[in-house]
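Here are some short exercises on the empty spaces and a helix pair in a protein model. Try each task on your own, then read the worked solution beneath.

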Amino acid sequence: MIRRREFITLLGGAAAWPLAARAQQPAMPVIGYFSGRSPEAEAPIRVPFLKALEGSGFAVERNIAIEYRFAEGQDERLPVLAAELVRRQVAMLVATDRPSALAAKAATATIPIVFASGSDPVQSGLVASFNRPGGNATGVSIFTAELGPKRLGLLRELLPKPGTIAFVVSAHSGATPYQIQEMQAAAQVVGQPLLVVSAGTEEEVDKAFAIMAERNVVAILYGAALFFQVISERLVALAAHYRIPALYEWREFVTAGGLMSYSTDRNEVGREAGIYAGRILKGEKPADLPVVQSSRFEFVINLKTAKALDLDLPLHLLQHADEVIE
């Protein structure tokens with residue numbers, strides 16, 4: 001016969017068993033996901049990333065957690081955000097633009113990093129080589145600034161008359177000097193007058209449009225910059241107000257009412273990054289995973305915006321568009 005005191009002791013011990021078992025279970029891995037964009041501007045990459053991650057067997061709140069950080073177009077905040085996530089002892093850092101990737105690499109040499117970088121990751125120091133990254137980072141290499149000359153050609157095909165094209169860049173983007181050099185060289189080859197305008201704040205953007213209107217530019221071409229993605233709706237509204245045709249970096253500008261965009265397919269970028277994140281969580285090392293080169297591009301035209309600007313789009317442009325928004 002079990003005495004009352006012995007029974008209570010046994011019962012208390014049995015109640016503690018599940019708690020002890022839970023304490024011995026490994027903690028849920030945490031991914032530190034950070035970007036120089038805003039949460040809204042990040043969605044085209046984040047959504048396919050999460051979908052691919054789930055396809056690899058990892059779902060948020062089921063067997064992984066994600067800590068998000070967004071710099072809202074202020075690149076100088078990225079080192080601080082990276083340091084926060086490293087102190088959080090995350091299992092992995094996911095950095096979805098060049099400045100974020102560089103901040104992640106500077107913050108840790110041990111935590112695995114999956115990046116999506118818009119510049120050569122070897123030249124940037126993110127990896128030793130495309131095939132054998134050799135360190136704690138791997139990911140997707142994206143064509144961004146390199147597409148400038150192609151965008152210039154598309155914009156010239158659209159214009160009904162010759163004139164000066166404005167090339168708008170951000171003073172805070174590390175890729176700006178390279179982009180200006182590339183664009184000026186491309187414009188010189190075809191004899192295209194080019195006005196380079198720098199705008200790193202919303203106030204400077206307003207001044208830039210006043211300058212472009214005063215100079216009677218016939219079109220606007222935007223350089224690659226996280227800041228522009230954060231204020232995309234403002235840029236589209238200003239172009240409509242001044243009635244200046246513009247070609248943007250990403251399709252989200254066009255769905256917001258912009259005229260045209262030519263870019264890498266960000267759905268592919270997010271998917272590839274999510275696949276690599278899943279493989280690393282399963283035990284593979286970034287050093288052994290070759291950097292993926294983006295291979296899909298999309299040309300998007302907003303026909304409604306073209307009509308509002310009284311533009312008669314050439315048939316061959318419409319035929320080559322991957323998407324026409326009406």
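**Exercise 1.** Find how much space lies in the largest pocket of this predicted model, and which residues are closest to its centre.

*Solution.* Start with the volume: the largest pocket holds about 540 Å³ of space. Next, look at the 34 residues lining this pocket; Arg98, Gly118, Ser119, Thr144 and Ala175 are the closest to its centre. Then turn to the elements: α4 (98–107), β4 (113–117), α6 and α8 (226–230) each give two or more residues to the lining. The largest share, three residues, comes from α8. Finally, sort the lining by class, which gives 12 nonpolar, 14 polar and eight charged residues.

**Exercise 2.** Work out which element gives the largest share of the lining of the second largest pocket.

*Solution.* This pocket has a volume of about 220 Å³. Of its 13 lining residues, the closest to the centre are Glu40, Ala41, Gln229, Ser232 and Glu252. Two or more residues come from each of α2 (39–55), α8, α9 (232–242) and α10 (251–255). Among these, α2 gives the largest share, with three residues. By class, the lining divides into six nonpolar, three polar and four charged residues.

**Exercise 3.** Search the whole structure for cavities of 30 Å³ or more, and describe what lines them.

*Solution.* The search finds two. The largest cavity has a volume of about 60 Å³. Residues lining the largest cavity include Ala145, Arg151, Phe167, Gln179 and Leu221. Elements giving two or more residues to that lining are α5, α6 and β8 (219–222), and α6 gives the most, with three. The second largest cavity holds about 40 Å³ of space. Among the residues lining the second largest cavity are Phe228, Leu235, Tyr248 and Phe253. Its lining has six nonpolar residues, one polar and one charged.

**Exercise 4.** Decide how helix α5 is oriented to helix α6: roughly parallel, oblique, roughly perpendicular or roughly antiparallel?

*Solution.* Take the angle first: α5 (residues 148–158) and α6 (residues 176–190) pack at about 40 degrees, with axes 9 Å apart. Angles under 35 degrees count as roughly parallel and 65 to 115 as roughly perpendicular, so α5 is oblique to α6. The crossing of α5 past α6 is right-handed. Now find the contact: Gly148, Pro149, Leu152 and Arg156 in α5 meet Glu182, Met183, Ala186, Ala187 and Val190 in α6. By class, this contact has six nonpolar, one polar and two charged residues.

Terms used. Residues are numbered from 1 along each chain as its sequence is written. This is a predicted model: local features need pLDDT of at least 70, side-chain atom pairs count only at pLDDT 80 or more; totals for chains, interfaces and linings use all residues. Side-chain values use heavy atoms; hydrogens and water are left out. Axes are lines fitted to C-alpha atoms, for helices over the stretch in contact, and angles run from 0 to 180 degrees between N-to-C directions. Helices (H or I, at least four residues) and strands (E, at least two) are DSSP runs, numbered from the N terminus. Angles under 35 degrees count as roughly parallel, over 145 as roughly antiparallel, 65 to 115 as roughly perpendicular and the rest as oblique. A crossing is left-handed if the near helix is turned anticlockwise from the far one by less than a right angle, and right-handed if clockwise. Contact means heavy atoms within 4.5 Å. Ala, Val, Leu, Ile, Met, Phe, Trp, Tyr, Cys and Pro count as nonpolar, Asp, Glu, Lys and Arg as charged, and the others, Gly among them, as polar. On a 1 Å grid over the protein atoms alone, a cavity is a set of points where a 1.4 Å probe fits but cannot get out, and a pocket is an open set with protein on both sides within 12 Å along at least five of seven lines; lining residues have an atom within 4 Å of a point. Grid points are joined across faces, edges and corners, and a volume is the space filled by probe spheres set on the points.
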